Amino acid sequence: MNSPTLFAKTPPLKLFFLAAIPGAVSMLASALYQTIDGVFVGRFLGATAFAAVNLAMPFVIINFSLADLIGVGSAVPISVCLGRKQEEEANNIFTCACLMIVGTGALIGSVLFAIAPLLIRLMGAQGEFAALAVQYLRVYALCSPVTTIVFAMDNYLRICGIIRGSMLLNILMSVLSAVLEFLFLFVFRWGIWGAALATCAGMLICALLALIPFLTRKAQLRFCRPRFRLRMLRQIVACGSPNFLNNIAGRITSILMNAILVRLGGETGVSVYGILMYAEGFIQPLLYGMCDSLQPAVGYNWGAGQLSRVRAIERCCFTASGIVSLLSALVLALLPEPVARLFLADPDPQTLSLAVGALRLFSLTYVTRWFSFATQSYMLAIEEPVPASVISVSTALFFPVLLILLLWPLGLTGIWQNFAGTSVLAALLSAWILKKYRRRLYRPDAS
């Protein structure tokens, strides 16, 4: 089904199942691989390697976040242009964005490779702990020019209505990465760099496969002679800023948390924090997959002036996000020990007790987290990057840092309570933003 028919004619509830469910499955596959990655590293390479991965991961995500800035930032205006029947402009934005992603990947990858030892040293890591983190980070940095585009291609496939193909590609990427990591770590007995190389190899293969519909001109979007314009660049940056700022701010918070945890709890504290991040890495992609998969449809109908369809689609998004989030909270609250044991091989009682307590406190995050997540996605899809950015930065940086200061007397318990507190504050902020923009969101449809 082509995107105009899918986005403009399909009933909202059916559209949700056609677009959001494959999107959630795609992100679930990615989340499962991230979980498997943590399990493999923890069990095959040991606790120090597991802590090193968690120490390096914020910098890896910062690298990918620049590609995400361009990918998400271009996806919104591309969808709006298609809704307005401006296909030539949509193709130009698509082409320029792809070139920008490869260029920034090469630039930032080079910088990260050069300064990796300094970054890890500044985190307070020493000895084998630091050496392993540098190895892991440098593999991602070297592969950056050819891997960072993979998530942007996922957006472009969905814009073209190739939703099932996008889902299958994400599943393939997760399976390939998991198989290669098992081969590299268990069979070849390679070190921590093999774990990073497995992920990068899976990304590269799937990025090349994703390009095929665009290179063979079988997708609605096509490559053309690029025409870079300042207005277009500003639009991409503005629309991509909420996701970018969320990633950057979130990684700054993670770096701060890790630095505090190295001093408060050593490798054990970093490992427990890593378990929480892996749990989040399983739940958040489900929320992101549903909301992000509906953004092309929301943007298309917003561009076409069909606001009643925009509201109907978003009702489905908010409802589904709430259900998934609350179920996730229930699972984490009831099954903290099995979740912790996934990542801890033969843990001592003290470490296991710390992880179980942390997970129970962390589970409260998802009682309210869904609301700010869906609101941010909504604002971005209708070309309101400023409120989306406010929610993003507040959730990822401002509220957590504020709560670090307020909860400091509680020590590690205050760190674990930080997540739920941030989620409540973000939900209140989102409710205020929705109320503020209510008049614009509920104006009559275009005739």
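1. The loop between α8 and α9 (230–264) contains R217. In this predicted model, R217 has a positive phi of about 60° although it is not a glycine. Most residues other than glycine have a negative phi. R217 comes after helix α8, and with a relative accessibility of 47% it counts as partly exposed.

2. A second residue deserves a similar remark. R189, which is not a glycine either, has a positive phi, near 60°. R189 lies in the loop that joins α7 (163–187) to α8 (192–215). With a relative accessible area of 59%, R189 is exposed.

3. Two helices may be checked for their length. Helix α8 has 24 residues, and the distance from its first C-alpha to its last is 35 Å, close to the 34 Å expected at 1.5 Å a residue. Helix α5 (residues 127–147) has 21 residues and should span 30 Å; its end C-alpha atoms are 30 Å apart, so the two values agree. Within α5 there is nevertheless a kink of about 30° at A141, shortly before the proline P145.

4. How many salt bridges does the structure hold? The count is four. One of them joins R227 to E88, with the closest N and O atoms 3.8 Å apart. This pair links distant parts of the chain, since R227 is in the loop between α8 and α9 while E88 is in helix α4 (residues 87–122), 139 residues apart. R227 is partly exposed at 33% relative accessibility, and E88 is exposed, with a relative accessible area of 60%.

5. Another salt bridge lies within helix α6, where the side chains of D154 and R158 meet at 2.5 Å, N to O. The two residues are four apart in that helix and are therefore separated by about one helical turn. D154 is buried, with a relative accessible area of 7%, and R158 is buried as well, with 4%.

6. R341 and E337 also form a salt bridge, with 3.1 Å between the closest N and O atoms. Because they are four residues apart in helix α12 (residues 336–343), about one helical turn separates them. R341 is partly exposed at 38% relative accessibility, and E337 is partly exposed at 35%.

7. D37, in helix α2 (residues 12–45), calls for a separate comment. D37 is buried yet has no salt bridge, and the nearest side chain of opposite charge, that of R43, is 13 Å away. A salt bridge would require a nitrogen within 4 Å of a carboxyl oxygen. Apart from its neighbours within four places in sequence, D37 is in contact with Y136, E181, A195 and Y278.

8. Why does C200 form no disulfide with C143? The sulfur of C143 is the closest cysteine sulfur to that of C200, but the two are 3.9 Å apart, too far for a bond; the cut-off is 2.5 Å. C200 is buried, at 2% relative accessibility. For C98, the closest cysteine sulfur is in C96, 9.4 Å away, which is also too far for a bond. C98 is buried too, with a relative accessible area of 6%. A search of the whole structure finds zero disulfides.

9. A final point concerns I159, which is found in helix α6 (residues 150–159). I159 is buried, with a relative accessible area of 1%. I159 and L221 are 62 residues apart in sequence, and their C-alpha atoms are 8.4 Å apart in space.

Note on methods:
Residues are numbered from 1 along each chain as its sequence is written. This is a predicted model: local features need pLDDT of at least 70, side-chain atom pairs count only at pLDDT 80 or more; totals for chains, interfaces and linings use all residues. Side-chain values use heavy atoms; hydrogens and water are left out. Buried means under 20% relative accessible area, exposed over 50%, partly exposed in between (1.4 Å probe, protein chains only). The expected span of a helix is 1.5 Å times one less than its number of residues. The bend at a residue is the angle between axes fitted to the seven residues ending there and the seven starting there. Lys and Arg count as positive and Asp and Glu as negative; His and the chain ends are not counted. Contact means heavy atoms within 4.5 Å.
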